[in-house]
Each structure stands twice: as C-alpha cells, then as structure tokens.
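Q: I'd like a close look at just one part of this model, the largest pocket. Which residues lie nearest its centre?

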Amino acid sequence: RVARAWYGLPYFHARMMCEERRGTWFYASERDGGGKPASFRGWYRPTAPAEPAAPGSLEHFLVERYCLFTRGSHGRIQSADIHHRPWQLAPARAELAENTMAAAAGIELPTTAPLLHFSPSLRVVAWAPREVGAKSDR
C-alpha cells in the first residue's frame, strides 16, 4: 500500500505464498483486489554460488540502481533515492506453472529465454519521492 500510494507504483493487493524448501523457492500469488485478475505460480533456485555483478556487465547495469523513477498521481515524473549493498547474484533455474501477471498489465512477454538470477535477501532503504527538476532541500 505504501509503495502504491507514496511512489505511484502499480502494486495491487494479493494473496501470496513464498516458501523455501531445500534451496528451492516456491511462489504463488493471486490478485484479490483492484486491477485485472492476475495470478502466478512457480519455483526457482540458484544453480551456482552468488557473487557481486561484475562492473560493466549487463547484470551490473540492471541491478546496481540507486534511484527509482515513477509518475506521481499529478502526472509529473518523480525520483526517489535508494540505498543498498551490492546485490549478490547467482545464475538460476525456474519453472512457471502459471503466469498471467504480464498479460494483466498489457505486456506481451518475449518467447526468448529470460535472463534469470537468484539473490539472497537484501535490505533496501528508500527516501521520499521528489519531483524531477524541483530544487532539492538537501
């Protein structure tokens, strides 16, 4: 609720399950309020030890972000600073039994194999969003 209200992110209430069994993570999610019906069921697991993404790699470009951008309820672009330690990434394998999340958002998934990684839990701190181009009070 906070991410949707404060950052304008398209999050919806859902019944969710996440369970780890012997190094494999099982997920299930079914939207139960707001937006188009959407559901997900699948599992994934790392296939090698996790390590930081190599600088200059696609993985580093994709995960080492310290700012998010969103469109506020008034239609203006906003940004928020984020702080976290470097992500530890491991190549991973996944199988999906059901995934209607992208279609519910009007996104057509490619038929090519996805770039897939596993990462252990990571604490992230995010600051309040501010309008892009507005003078900062920092």
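A: Helices (H or I, at least four residues) and strands (E, at least two) are runs assigned by DSSP and numbered from the N terminus. Bear in mind that this is a predicted model, where local features need pLDDT of at least 70, side-chain atom pairs count only at pLDDT 80 or more, and totals for chains, interfaces and linings use all residues. Residue numbers start from 1 along each chain as its sequence is written, and side-chain values use heavy atoms, with hydrogens and water left out.

Let's get our bearings. The chain has three helices and 10 strands, and reading along the sequence gives the pattern α-β-β-β-β-α-β-β-β-α-β-β-β. The C-alpha trace spans about 50 × 40 × 30 Å along its principal axes. Of the 138 residues, 22% are buried (under 20% relative accessible area with a 1.4 Å probe, protein chains only; exposed is over 50%, partly exposed in between).

Now for your question: Y27, F40, L96, N99 and M101 lie nearest the centre of the largest pocket, and its lining has 28 residues. The elements giving two or more residues to that lining are β1 (13-21), β2 (24-33), β3, β7 (88-99) and α3 (101-104). A pocket here is an open set of points on a 1 Å grid where a 1.4 Å probe fits, with protein on both sides within 12 Å along at least five of seven lines; lining residues have an atom within 4 Å of a point. Sort the lining residues by character and you get 21 nonpolar, five polar and two charged (Ala, Val, Leu, Ile, Met, Phe, Trp, Tyr, Cys and Pro are nonpolar, Asp, Glu, Lys and Arg charged, the rest, including Gly, polar).

Let's zoom in on β3, which runs over residues 39-46 and includes S39. S39 counts as buried because its relative accessibility is 11%. Skip its neighbours within four places in sequence, and S39 is in contact (heavy atoms within 4.5 Å) with S29, E30, E98, N99, T100 and M101. So N99 and M101, two of the residues nearest the pocket's centre, are also contacts of S39. With E98, S39 shares something extra: their side chains are joined by a polar contact of 2.7 Å, meaning a pair of N or O atoms within 3.5 Å, one able to donate a hydrogen and the other to accept it (residues adjacent in sequence count only if both atoms are side-chain atoms).

Next, hop over to β2, another element in the lining. T24 is found in this strand, and T24 is buried because its relative accessibility is 12%. Neighbours within four places aside, T24 is in contact with E19, W43, Y44 and R45. By contrast, the C-alpha atoms of T24 and I77 are 38 Å apart, with their positions 53 residues apart along the chain.

What about the loop between β1 and β2? R22 is found there, and R22 counts as exposed because its relative accessibility is 85%. Here's a quirk: R22 isn't a glycine, yet its phi is positive, about 50°. Most residues other than glycine have a negative phi.

One stop before β1 completes the tour. L9 sits in the loop between α1 (2-7) and β1, and at 19% relative accessibility L9 counts as buried.
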